[in-house]
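Student: I should like to learn how to read cysteines and strand pairing in a structural model. May we work through one case together?

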Amino acid sequence: MRTDVLGVGFDDLTMDEAVGRAAVLLESGTPAYIVTPNPEIVWLCRDDPELKEIVGRAALVLPDGIGVVYGAKILGRPLKGKIAGIDFAEKLLERMAGTGKSVYLLGAKPGVASMAAKKLQNKYPGLVVAGTADGYFKDDGPVIEKINASKPDLLLVCLGAPKQERWMAANATRLNVRLMAGLGGALDVFAGTAERAPESWQRLHLEWLHRLKKEPWRWRRMIKLPLFIFAVAGQRLKGN
Ligand code: UDP
């Protein structure tokens, strides 16, 4: 049973449990995908039944962002905690290193994914990177062929939300991978082209504020956060 937050069901897992579930999915034969919705995506799902259905079909739905965790708490069904997509990916890659399982990095501007691959391999010796490709392609066909030829176990799809969620759902059956995860700007952070909030800010759950400071244009997207909290409070008052 998933925990419902404004119509989106979240898996209530600790980080270790989530990584363990992903490791099991990496052994299975069916192409599965993982999504990590933040309040912005939950908000989009309210007006987009197709996106909501795509999110619902994911093998794992992890709460990325403290907003979702607060939302669940306000609704009286607390989640075990926030699972930032980027932390989840690092833990999974760390676990994969040395096992022979491979990852393909798809997304971000040209050059970023290959730089991310180098940095990740330095950090996690033994990590097999099957290949990399940037996220600014016109046709899916050649990219999918390239990915399939390298037969990765895991595909990180970093095209930004909700583009990456739609892409994973649309192409799942054409891709010869075991598992995919949609991870937004993770490759920029792995490559070092974008900076994550300092740890003290992360501990205070202020990553969003750091993001806003670095990319002020984000206010248009972030305005959905207070709307999300109001809607959660409204749902609570209605008693569900
Ligand atoms: N991106 C991409 N292809 C696109 C649009 C975006 O590869 O057509 C990349 C972009 O370069 C960045 C990431 O997707 O690396 C989006 O990062 P962001 O942090 O904005 O993710 P979001 O918050 O949207 O999940």
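Student: Is Cys-45 buried or exposed?

Tutor: This is a predicted model. The general idea is to compare the relative accessible area with a cut-off: a residue under 20% is called buried. Cys-45 has a relative accessible area of 3%, so Cys-45 is buried.

Student: How many disulfides does the structure hold?

Tutor: The structure holds zero disulfides. Cys-45 takes part in none, and the nearest cysteine sulfur, that of Cys-158, is 19 Å away.

Student: Why is Cys-158 without a bond to Cys-45?

Tutor: A disulfide requires two cysteine sulfur atoms within 2.5 Å. The closest cysteine sulfur to that of Cys-158 is in Cys-45, and because the separation is 19 Å, the two are too far apart for a bond. Cys-158 is itself buried, at a relative accessible area of 4%.

Student: Which strands pair with strand 5, and in what sense?

Tutor: Strand 5, residues 102-107, is joined to strand 6, residues 128-133, by five bridges, and the two run parallel. Within this pairing, Ser-102 stands opposite Val-128. Strand 5 also pairs with strand 7, residues 154-158, in the parallel sense over five bridges. There, Val-103 faces Leu-154 across the pairing.

Student: How should one think about the side chains of a strand?

Tutor: In a regular strand the side chains alternate between the two faces of the sheet. As for burial, six of the six residues of strand 5 are buried.

Student: Which helix forms a β-α-β unit with strands 5 and 6?

Tutor: Helix 6, residues 112-123, completes that unit with strand 5 and strand 6, and the unit is right-handed.

Methods
Residues are numbered from 1 along each chain as its sequence is written. This is a predicted model: local features need pLDDT of at least 70, side-chain atom pairs count only at pLDDT 80 or more; totals for chains, interfaces and linings use all residues. Side-chain values use heavy atoms; hydrogens and water are left out. Buried means under 20% relative accessible area, exposed over 50%, partly exposed in between (1.4 Å probe, protein chains only). Helices (H or I, at least four residues) and strands (E, at least two) are DSSP runs, numbered from the N terminus. Two strands pair if DSSP finds at least two bridges between them. A crossover is right-handed if, with the strands pointing away from the viewer, the path from the first strand over the helix to the second runs clockwise.
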